[in-house]
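Subject: Structure for you to look at

Hello,

Here is the structure I promised to pass on. My notes on the sheet and the helices follow below it.

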Amino acid sequence: MQLTINARETRGVVILELVGRVVAGEEVDSVRRMIHDLIDHNHKRVSLNLDQVIRIDSTGIGMLVEGVIYSVKQGGRLNLYKVPRLVHNILFTHRLLQAFEIYSSEEEAVAAFEKSSAPSATQA
């Protein structure tokens, strides 16, 4: 099964639903390209739904790390939600969990962006 990417926007956050394999080659390249294009075109809040990812290799993990770094360097943010046990275990094993904001639902992932952009009492 190849990778399918379904993109939509909700409350100012672009949701990328990844379905299939995130492995070296066109699959990883297409996700990387999409993240870069979104960030470069001022869509600074991106959330990846990994619920339907059935396989990921080291290149896929590297692309996720790169996506977080690239988005931050460009003034944006990227988070993950519905991370399958397979992916979570790989991130844990390689001590990469702290590199990501990970949420259990789309609602939590989107709300995290809204919380961080709300002015705090000290800023008012």
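To start in the sheet, L48 has L80 of strand 4 as its bridge partner. Helices (H or I, at least four residues) and strands (E, at least two) are DSSP runs, numbered from the N terminus. Helix 1 (residues 26–40) packs on the sheet and touches strand 1, strand 2 (13–22), strand 3 and strand 4. The direction of helix 1 makes about 175° with that of strand 2. Contact here means heavy atoms within 4.5 Å. Axes are lines fitted to C-alpha atoms, for helices over the stretch in contact, and angles run from 0 to 180 degrees between N-to-C directions.

Before the rest, a word on the source. This is a predicted model, in which local features need pLDDT of at least 70 and side-chain atom pairs count only at pLDDT 80 or more, while totals for chains, interfaces and linings use all residues. Residues are numbered from 1 along each chain as its sequence is written, and side-chain values use heavy atoms, with hydrogens and water left out.

The sheet

The sheet is open, with 5 strands in the order 1-2-3-4-5 and mixed pairing; two strands pair if DSSP finds at least two bridges between them. Its edge strands are strand 1 (4–10) and strand 5 (102–103), each pairing on one side only. Strand 3 (residues 45–56) and strand 4 (residues 77–81) run parallel and are joined by 5 bridges. S47 stands opposite N79 in strand 4. Strand 4 also runs parallel to strand 5, with 2 bridges between them, and L80 stands opposite I102 in strand 5. Of the 5 residues in strand 4, 4 are buried, meaning under 20% relative accessible area with a 1.4 Å probe, protein chains only.

The helices

The axes of helix 1 and helix 2 (residues 58–73) come within 10 Å and cross at roughly 5°. Helix 1 is therefore roughly parallel to helix 2, a term for angles under 35 degrees. Residues making this contact include V28, I35 and I39 of helix 1 and M63, G67 and Y70 of helix 2. Helix 3 (residues 85–93) lies across strand 3 and strand 5, at about 105° to strand 3.

Two right-handed β-α-β units are worth finding on screen: strand 3, helix 2 and strand 4 make one, and strand 4, helix 3 and strand 5 make another. Right-handed means that, with the strands pointing away from the viewer, the path from the first strand over the helix to the second runs clockwise.

Regards

Terms used. Parallel < 35°, antiparallel > 145°, perpendicular 65-115°, else oblique. Buried < 20%, exposed > 50% of the residue type's maximum accessible area, 1.4 Å probe, protein only.
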